[in-house]
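Open the model in a viewer and keep the selection tool at hand. The stops below are given in the order in which to select them.

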Amino acid sequence: MSSFDADWLAMREPVDHASRNSELAAKVRDHFAGRSSLTVVDLGCGTGSNLRALAPSLPSLQHWHLIDGDSGLLTQARDRLAGWADSASPAAEGVRLHKDGRRIDVSFECADLNIRDLEFSDIGGELVTAAALFDLVSRDWLQRLVAGLARRGVPLYSVLNYDGAARWQPEAPLDMCVVAAFNRHQRTDKGFGPALGPTASEALAKLLSQHGYSTCRGDSPWQLATREAGLIAALADGFARAAAEIEPEARDAFAQWAVARSKAAAATIGHQDVFATA
Ligand SMILES: C[S@@+](CC[C@H](N)C(=O)[O-])C[C@H]1O[C@@H](n2cnc3c(N)ncnc32)[C@H](O)[C@@H]1O
């Protein structure tokens, strides 16, 4: 399974939250507006960023079931959520939070999503969501997930799937080569079989439509400027390292590119969000 660094997730969280497609976010809020309570399942939750972004738009009583394969990230999720909430107290299955007039019960599950049942009827999930996950998964896995959700007509909200479009300002000659190699790396196995990478949102929308879902899709690009200099530098390094795994003969050129790109004045990294209802 891929491992994700909590510091990296913390660095990207403010940008992730600001980048979510606002039209889709409003549709999600409106869809559940008439309800007093909601059970949400968050796949690949990391340290709980998706909950912190989405809970303020959902009904006043919420149960979130957070699933991740990394027990260390789940421990950090519990701590970070307790710090984010107005108050937090231990509960039978996890933690009870109060935040801005909402009561949010959170349970945690350490599981490999490759082998876990994907219907979530054991949780009573009424919304399944995932942030920055589906570009890691394979088409077969996504097919299994969508088929599982369709059996109970559960809505799906997927945000921040990388879409393959990355640009830096000012442009440099090697940008396109690095992005092309990086995008090929995105299609390699990230623990679920051959990854969908930049094709994730399109594949997801197609599968959902085939299963009778009404689906909306919208852009959620990271638009980075000098105030996100740390993220720009980390991205340059990450792009160059992944690209060099695909084209080892260009390793030195890509490393030099990363040094220059780490000081770029601005960068745009394309993502897409998808919201689907049965
Ligand atoms: C890019 S991170 C996103 C984390 C979080 N959703 C966020 O937006 O900050 C992907 C997450 O998926 C989890 N993950 C990856 N493969 C997994 C698997 N096979 N089973 C369960 N979790 C997995 C990782 O541990 C990581 O927390």
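**Stop 1: the ligand**

In this predicted model, select the ligand and Asp68: an N or O atom in the side chain of Asp68 is 2.6 Å from an oxygen atom of the ligand. Of the 590 Å² of accessible area that the ligand has on its own, the protein covers 99%.

Next, show what lies around the ligand. It is surrounded by 19 residues, the closest being Gly44, Asp68, Asp112, Leu113 and Ala131. For Ala131, look at the backbone, where an N or O atom lies 2.9 Å from a nitrogen atom of the ligand. Then add Gly46, which has a backbone N or O atom 3.5 Å from an oxygen atom of the ligand.

**Stop 2: Asp105**

Move to strand E5 and select Asp105, which lies in that strand. Is Asp105 buried or exposed? Asp105 counts as buried because its relative accessibility is 17%, and the cut-off for buried is under 20%.

Which side chain makes a polar contact with the side chain of Asp105? The partner is the side chain of Arg96, at 2.7 Å. Beyond its neighbours within four places in sequence, Asp105 also has Gln62, His63, Trp64 and Val95 among its contacts.

**Stop 3: Gly124**

From strand E5 (102-110), follow the chain into the loop that leads to strand E6 (127-131); Gly124 is found in this loop. Gly124 has a relative accessible area of 32% and is therefore partly exposed, as this class runs between the 20% and 50% limits.

Select Thr39 and Arg152 as well: Gly124 touches both, not counting residues up to four places away in sequence. To relate the loop to strand E5, draw a C-alpha to C-alpha distance from Gly124 to Ser107; the two are 13 Å apart in space and 17 residues apart in sequence.

**Stop 4: helix H1**

Select residues 6-19, which form helix H1. What span should its 14 residues have at 1.5 Å a residue? The expected value is 20 Å, and the end C-alpha atoms are 20 Å apart, so the two agree.

Now look along the helix at Glu13, where H1 bends by about 40 degrees; a proline, Pro14, follows within four residues.

Colour the buried residues of H1: Ala6, Leu9, Arg12, Glu13, Val15, Asp16 and Ser19. In an α-helix there are 3.6 residues a turn, so residues three or four places apart point the same way. To see what covers the buried residues of H1, show elements including helix H3 (49-54), helix H4 (71-84), strand E7 (156-169), strand E9 (222-224) and helix H8 (229-246).

Methods:
Residues numbered from 1 in each chain as written. Predicted model: local features only at pLDDT ≥ 70, side-chain atom pairs only at ≥ 80, totals over all residues. Heavy atoms only, no water. Helix = DSSP H or I, 4+ residues; strand = E, 2+ residues; numbered from the N terminus. Buried < 20%, exposed > 50% of the residue type's maximum accessible area, 1.4 Å probe, protein only. Contact = heavy atoms within 4.5 Å. Expected span 1.5 Å × (residues − 1). Bend = angle between axes of the 7 residues up to and from the residue. Polar contact = N/O pair within 3.5 Å; in protein donor to acceptor, adjacent residues only side chain to side chain. Near = heavy atom within 4 Å. Areas by Shrake-Rupley, 256 points an atom, 1.4 Å probe, with all protein chains shown as cover.
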